[in-house]
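Student: Could you take me through one part of this model closely, keeping to a single helix and what surrounds it?

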Amino acid sequence: MAANYEYDDAPAANYEGESGGEGGYDPNFVPDSVKSFVVHMYRHIREKNVYEIHQMCETSFQTLSERLFKETPWPCVEAIAPYVDNDHVFCLLYREMWFRHLYARLSPTLKQRIDSYDNYCSLFQVVLHGVVNMQLPNQWLWDMVDEFVYQFQSFCQFRAKLKNKTEQEIALLKQHDKAWNVYGVLNFLQALVEKSTIVQILEQDKDGLEQFTATDGYDYSGGSNVLKVLGYFSMVGLLRVHCLLGDYHTGLKWLQPIDITQQGVYTSVIGCHIATIYHYGFANLMLRRYVDAVREFNKILLYIYKTKQYHQKSPQYEQILKKNEQMYALLAVCLSLCPQTKLVDESVNSQLREKYGEKMMRMQRYDDEAFVIFDELFSYACPKFITPSAPSFEEPLVNYNQDAYRLQLKMFLYEVKQQQLLAGVRTFLKVYSSISLAKLAKYMEVDESTLRTILLTYKHKTHSVDSDGRIISNADIDFYVNNDKIYVVETKPAKRHGDFFLRQIAKFDAVHIVYHAFKLRNG
């Protein structure tokens, strides 16, 4: 059990009263509870006490933030430095948490956004080129990578809203043109992957020569887990950055060393688990690999469905619920473009029908109303795409923060439009086991030449190239043409009798319990 330090019960009034102002913020004032927090945190980091560090980050830091710093930043790093021997690395870690709190609860200024980038640069430089003798919780290491990418995304969105920028902000943007530069962000993440040798470690892990997965990335021999685990999470960070840039092939390529069909270090942190599958699924959706997207969305949605009650007190709970809803919307889109209901678990399918059943039926019609729904669900569930390049300050200042999103939406709806005729083909192919080209052309009110083009388009659109370069089918029905006749091959799902009997046994047990309770009450 975690030690119960005195800062857990620190009253908010102490901070406001002792700060000398009427609720004003004094960055140099350090309440006793904060002194106690940083002293204990510093000691636990030096002792590599991962459990206590985790408790302090997830519980004590959140408690203090809620009670003392709900609408103000934490004390500045210079104020707390004397209590931690002016330790350079600890001060960098403290500032990382300081900026994360600032982004979560307040609106950072342009100067603070730039300062946060500088702090990440200094912190990652220490990890990459210094001697790091620490063990930090996976949650904190994931938060570093996650927040680094989030702040990069936030900066790009902020910079792209040029219309209302002040002269001082424009001057600052010109002066710090390297801050949150896309190449700098990608270089740090790639450097962490390469310097950590995490790809080789994971390969050896599969062969039983390493214990990385079995130990959740921790080093129980007295070493440090920081570089290895940051390198591991940076692969997920690279997937996310490339999704924000619309480069889905490269994003999935960076994720390849992680086998997402198995439990891994990425599943040890719920936020990382969800972010990985969300971006993996979205990238596959945009590459027309619908089966892969449906399969992984189903697994993560089932996992959240079964476990979300255990995360209700987590700081990430709201984000879990939001991503859960977004992934249901993406699953609805995938299944509307590529019906694969046999891949979806019964409880997930039930939730999906409750949320989007009516909209999915309307999307199957491929009329103007269907496009409005595709537009709506994509806009709700897609990542916040970014334009990474700096603006030209010589031209008239306009907002361009929506440009990348509009481009991705246009590409997606163009794909939907191309599949409009395919819905009609699929309907007929579901009915017949064989049919002549002339007959189907007559039913579809097109000539035979046009029908052949439609059938070739259907073949193309229901096949995609997987990560290994192989052509795979996304269709639940297939066909071939021989001597002007179409022969349909429907893939029939294997009947899962075991699942059916288990559900009936569970229902019978429930009835049995109710019957006995009724019998006891009525003598």
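Tutor: What follows is a close look at helix 7, taken from its packing to the pocket and then to a salt bridge. The model is a predicted one, and in it helix 7 covers residues 138–160. Two packed helices are described by the angle between their axes and the distance between the axes. For helix 7 and helix 6, which spans residues 110–129, the axes come within 11 Å and cross at roughly 145°, and the crossing is left-handed. On the side of helix 7 the contact is made by M144, E147, F148, Q151, S154, F155 and F158, while helix 6 brings L110, R113, S116, Y117, Y120, L123 and F124. Sorted by class, this contact holds nine nonpolar, three polar and two charged residues.

Helix 7 also takes part in the largest pocket, whose volume is about 1400 Å³. The largest share of the lining, eight residues, comes from helix 7, and the other elements that give two or more residues include helix 3 (50–68), helix 5 (88–105) and helix 15 (317–337). Among the 41 lining residues, D146, E147, Y150, Q316 and Q319 are the closest to the centre of the pocket, and E147 is also one of the residues in the contact with helix 6. By class, the lining has 18 nonpolar, twelve polar and eleven charged residues.

Finally, D143 of helix 7 and R100 of helix 5 lie 43 residues apart, so that the pair links distant parts of the chain; their side chains meet in a salt bridge, with 3.5 Å from N to O, and the count of salt bridges comes to 18.

Technical notes: Residues are numbered from 1 along each chain as its sequence is written. This is a predicted model: local features need pLDDT of at least 70, side-chain atom pairs count only at pLDDT 80 or more; totals for chains, interfaces and linings use all residues. Side-chain values use heavy atoms; hydrogens and water are left out. Axes are lines fitted to C-alpha atoms, for helices over the stretch in contact, and angles run from 0 to 180 degrees between N-to-C directions. Helices (H or I, at least four residues) and strands (E, at least two) are DSSP runs, numbered from the N terminus. A crossing is left-handed if the near helix is turned anticlockwise from the far one by less than a right angle, and right-handed if clockwise. Contact means heavy atoms within 4.5 Å. Ala, Val, Leu, Ile, Met, Phe, Trp, Tyr, Cys and Pro count as nonpolar, Asp, Glu, Lys and Arg as charged, and the others, Gly among them, as polar. On a 1 Å grid over the protein atoms alone, a cavity is a set of points where a 1.4 Å probe fits but cannot get out, and a pocket is an open set with protein on both sides within 12 Å along at least five of seven lines; lining residues have an atom within 4 Å of a point. Grid points are joined across faces, edges and corners, and a volume is the space filled by probe spheres set on the points. A salt bridge is a side-chain nitrogen of Lys or Arg within 4 Å of a carboxyl oxygen of Asp or Glu.
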